[in-house]
There are 2 protein chains.
Amino acid sequence: MRSLVRVRSIGVAAVALLCGLGVAAVARAQTDPLPSWNDGPAKQAILHFVQTTTDQANPAFVPPAARIATFDQDGTTWVEHPMYTQIVYCLDRVAMLAKSKPELRHIEPFKTVLSGDRAAIAKLLTMKNLEKILAATLTGMSVGDFKADVSRWIATAKDPRWNRLYTELVYQPMIEVMQYLRANGYRTYIVTGGGQDFVRVYSDAVYGIPIEQVVGTMGGTSFGYDKAGKPVLTKEPKLLLNDNNAGKPQGIYLMIGHRPAAAFGNSTGDRQMLEYTGGGDGARLAMLVLHDDAQREYAYGPAEGLPDTKVGTFTQALYDEAKHKGWTIISMKNDWKRIFAFDQ
Amino acid sequence: MRSLVRVRSIGVAAVALLCGLGVAAVARAQTDPLPSWNDGPAKQAILHFVQTTTDQANPAFVPPAARIATFDQDGTTWVEHPMYTQIVYCLDRVAMLAKSKPELRHIEPFKTVLSGDRAAIAKLLTMKNLEKILAATLTGMSVGDFKADVSRWIATAKDPRWNRLYTELVYQPMIEVMQYLRANGYRTYIVTGGGQDFVRVYSDAVYGIPIEQVVGTMGGTSFGYDKAGKPVLTKEPKLLLNDNNAGKPQGIYLMIGHRPAAAFGNSTGDRQMLEYTGGGDGARLAMLVLHDDAQREYAYGPAEGLPDTKVGTFTQALYDEAKHKGWTIISMKNDWKRIFAFDQ
């Protein structure tokens, strides 16, 4: 029997080598799919989830059609402090806008925004003023003009702390999770409170996520014709869906139609998405990024005694719910070996 | 030189055979991808579009990411006369509903619907009464219960003229177009005035279109918890987007984000989708099905002197716009060799 087994093994090995499978299997075994993660419960949870849900012999197996993973963006896949990147875009755009509408120089909140006084601007950003700025800078133009303007901005604007493009401030460990999930048949989606068509401008280049897999806050458009008689969609100040809190499962139902098998968030705005994900049958992965690394990024909660914040609030109640339901907390400080691709 | 050329050709042929490409090419050349179509301008337009837009050497080449084709459903991919299938579902569901809410037996429009008197029901279906029926039958239940109920209905309910399941009344020529497009790297979408989550129940089985590629009229949901504390989405009588007329390009922008390269419709409700498709640069395919075959299906317009109708209206103005803009009219009578898969 022994020699027969050996012959068979050699035959299988030869076929595997011919097909390149042998090489691939060896490469897989030797390569860590999550090199920017320290070994610990968070990394193990991801590896275990992917390994068990893609193994047909495992009771946790998830069929390919149901392999959906959703990622919040701000604070989960890129930096959100001190201010959401899209808000920075809107503030920058006020200056552009004032060129064609000089009267804005004398009207608040635009007057203060144009002054460039950061402390005064921060004070000014009540919900009401923010809505005025969003309406003025995100609506009234064709969807094509909007895309072109965001493309220009995102390719040049820099975060002052790192002096880096905002798109460089994505978390390398999360990029690795996305790639690892996709390599195992998962479709990855962004599910963000940010503007859906804002994020679509760079989702493919930054995350490898095609635009139709970006779910975000959705505004209405109107249909009309330009002077040449060609159809034009114009962005209107009409909210179709606020993709935060309960809006996240609602947006997922609308845009994807499947309940995710895995979901990643970082704030109370992601609670319902994680509950919805965890509420399905079978294996589920629900993870929350805790910003506890003031040195390499930022530290805020107020969960676990971290400083309180209005941008990306992570309450103690959410932390306790996560512990109770078996969701995994990702500690940026302890679980991430490096945070950005440009880190050594 | 001659012998060298011959040797090279043999070399290429051998490599092609080894890779299976030679066999595939021969098979392709011999197989008609559109066997249910009569040879004519409509069939030629489809073949020409696919061949030129997938040939990298052709100026009409469309890169894979932009290969999007959108199909209206009612009257374009399946029968819509004498009444939209989803309306038949809603009327059938009134009887189910009356079991748990017996008071409906005494309230119009439910009383007449429950009488089963088809002529009286047809008279009753004003927009206002229809809205009452839609709200009563399509909202108030969890999205899971709705899906289960539609699944049961669609697997058993039959169209009285053909005594066939509604899902058997899909147009075989259009199924072939979808398959042909997908085989050439196009992603196919349903863009329907029907309910998005109604069509998603059967889109994969009937059209080979995954649920996230179904764009339709979108209703809102509310987020809550069941008695066990599990999250539940409940269908609410809140219209997010009416995916008809201007709503079609709006829905495409929202759900897909790309302008289609090809679009298929059959009524004035599809006009803006075809205009939006045709308004892009490069090669475009825009087609309209004309129902001119009373014998094998139905005949209605009122374009080209066909009988007038309120279900799937195809006006003369739309017909003239199609001719003017180079859109292709598909004559069911002349262009389709067979209409249904069960036809001989």
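Into which domains is chain A divided? In this predicted model, chain A splits into domain 1, made of 32–78 + 168–335, and domain 2, spanning 85–159. Between the C-alpha centres of domain 1 of chain A and domain 2 of chain A there is a separation of 27 Å.

It helps to look next at how these two domains meet. Their contact draws 15 residues from domain 1 of chain A and 14 residues from domain 2 of chain A. On the domain 1 side, at least two residues each are supplied by β4 (187–195), α10 (196–199), β5 (214–225) and β6 (231–241) of chain A. Of these, β6(A) gives the most, contributing 6 residues to the side that touches domain 2 of chain A. Sorted by class, this side of domain 1 of chain A holds 7 nonpolar, 5 polar and 3 charged residues.

Attention can now turn to the contact between chains. Here, 24 residues come from chain B and 24 residues from chain A. The side of chain B that touches chain A receives two or more residues from each of four elements of chain B: β5 (214–225), β6 (231–241), α12 (247–255) and α13 (271–278). Within that side, α12(B) provides the largest share, with 5 residues. As for its make-up, the side of chain B that touches chain A comprises 15 nonpolar, 5 polar and 4 charged residues.

Conventions: Residues are numbered from 1 along each chain as its sequence is written. Chains are lettered from A and ligands numbered from 1 in the order in which they are written. This is a predicted model: local features need pLDDT of at least 70, side-chain atom pairs count only at pLDDT 80 or more; totals for chains, interfaces and linings use all residues. Domain bounds come from an automatic or database domain assignment. Two residues are in contact if their C-beta atoms, placed from the backbone, lie within 7 Å. Ala, Val, Leu, Ile, Met, Phe, Trp, Tyr, Cys and Pro count as nonpolar, Asp, Glu, Lys and Arg as charged, and the others, Gly among them, as polar.
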